[in-house]
Amino acid sequence: MITRCKWCQDDGVNQKYHDEEWGIPVHDDRKHFEFLMMEVMQCGLNWTMMLNKREIFRQCFDNFDYEKIIHYDEKKIQEIMETPGMIRSPRKIQAIITNARAYLEIIQEYGSFDKFLWSYTDGKTLVYKSHQQCPIASNDVSDAVSKELKKRGFKYLGSITVYSHLQACGMINDHEESCFLYRQLCDGNSVEYRD
């Protein structure tokens with residue numbers, strides 16, 4: 001029997017996300033943008049809802065193509081708002097457009113968003129021993145990334161939201177030690193252990 005993190009054991013969308021994506025290092029700019037923008041949509045809601053609405057988000061936001069999103073206008077925002085099943089928050093939709101512009105600026109400066117983001121851990125996955133006993137919602141790395149993103153004009157990406165992204169994209173391995181992915185990700189990647 002496979003042992004997984006407790007939070008994902010629903011035999012459904014959370015378990016699939018956990019097994020196939022969560023904590024597995026991401027180095028694709030489109031995937032980073034998708035995860036980050038799902039975090040924007042999630043603010044005040046729950047992640048299971050985001051996973052269930054993922055295909056709607058992909059449809060509304062041109063499969064998270066930030067180069068297309070930067071050109072969205074009021075007509076497109078209204079079209080998104082009227083999409084069945086979509087979260088009808090003009091502020092969040094506008095934030096995704098704003099974030100796409102800031103995202104492209106980072107890509108132009110660093111060559112890729114991935115290079116920018118992973119520079120905060122020197123390309124390593126961080127493993128915190130203390131997180132196993134006392135899970136946390138943010139840390140010094142997410143604080144630093146969030147501060148820089150806000151400075152660059154990103155919206156809805158505070159330290160807690162950024163921390164969730166660092167977990168999701170494999171920069172922080174917060175799988176429970178008993179989870180089958182914990183050791184697999186520690187052994188298969190460049191890792192730095194911290195207390």
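1. Start with helix H6, residues 74-81: Lys-76 and Glu-79 both sit in it, three residues apart, which is about one turn of the helix. The two form a salt bridge, with the closest N and O atoms 3.2 Å apart. Their surroundings are worth a look. Lys-76 has 16% relative accessibility and counts as buried, whereas Glu-79, at 43%, counts as partly exposed. Keep in mind that this is a predicted model.

2. Now for a pair that reaches across the sequence. Arg-54 and Glu-21 meet through their side chains in a salt bridge, at 2.7 Å from N to O. Arg-54 belongs to helix H4 (residues 54-60), while Glu-21 is in the loop between helix H1 (13-20) and helix H2 (29-42), so this pair ties together parts that are 33 residues apart in sequence. Both Arg-54 and Glu-21 are buried.

3. Helix H4 has another such partner. The side chains of Arg-58 and Glu-34 also meet in a salt bridge, 2.8 Å from N to O. Here Arg-58 in helix H4 is linked to Glu-34 in helix H2, 24 residues away, so to speak of distant parts of the chain is fair. Glu-34 counts as buried, because its relative accessibility is 4% and the cut-off for buried is under 20%.

4. These pairs don't stand alone. Glu-21, Lys-31, Glu-34, Arg-54, Glu-55 and Arg-58 are linked in a network of salt bridges. The structure as a whole holds 17 salt bridges. As background, side chains of opposite charge can pair when their charged atoms come close.

5. On the overall charge layout: the protein has 25 positive and 30 negative charges, and the mean positions of the two sets are 3 Å apart.

6. What is the pattern of helices and strands along the sequence? Reading along, you get α-α-α-α-α-α-α-α-β-α-α-α-α-β. That is twelve helices and two strands. The radius of gyration is 17 Å, close to the 16 Å from the globule rule for 195 residues, so the protein is as compact as a globular protein of that length. The C-alpha trace spans about 50 × 40 × 25 Å along its principal axes.

7. Last, packing and surface. Buried residues account for 51% of the 195. If you take contacts between residues at least 6 apart in sequence, 68% of them join residues at least 24 apart. The protein exposes about 9,600 Å², with carbon and sulfur atoms supplying 49% of that area.

Technical notes:
Residues are numbered from 1 along each chain as its sequence is written. This is a predicted model: local features need pLDDT of at least 70, side-chain atom pairs count only at pLDDT 80 or more; totals for chains, interfaces and linings use all residues. Side-chain values use heavy atoms; hydrogens and water are left out. Helices (H or I, at least four residues) and strands (E, at least two) are DSSP runs, numbered from the N terminus. The radius of gyration is taken over C-alpha atoms; the globule rule is 2.2 Å times the number of residues to the power 0.38. Buried means under 20% relative accessible area, exposed over 50%, partly exposed in between (1.4 Å probe, protein chains only). Contact means heavy atoms within 4.5 Å. Accessible areas come from the Shrake-Rupley method with a 1.4 Å probe; for residues, only the protein chains shown count as cover. Lys and Arg count as positive and Asp and Glu as negative; His and the chain ends are not counted. The place of a charge is taken as NZ of Lys, CZ of Arg, CG of Asp or CD of Glu. A salt bridge is a side-chain nitrogen of Lys or Arg within 4 Å of a carboxyl oxygen of Asp or Glu.
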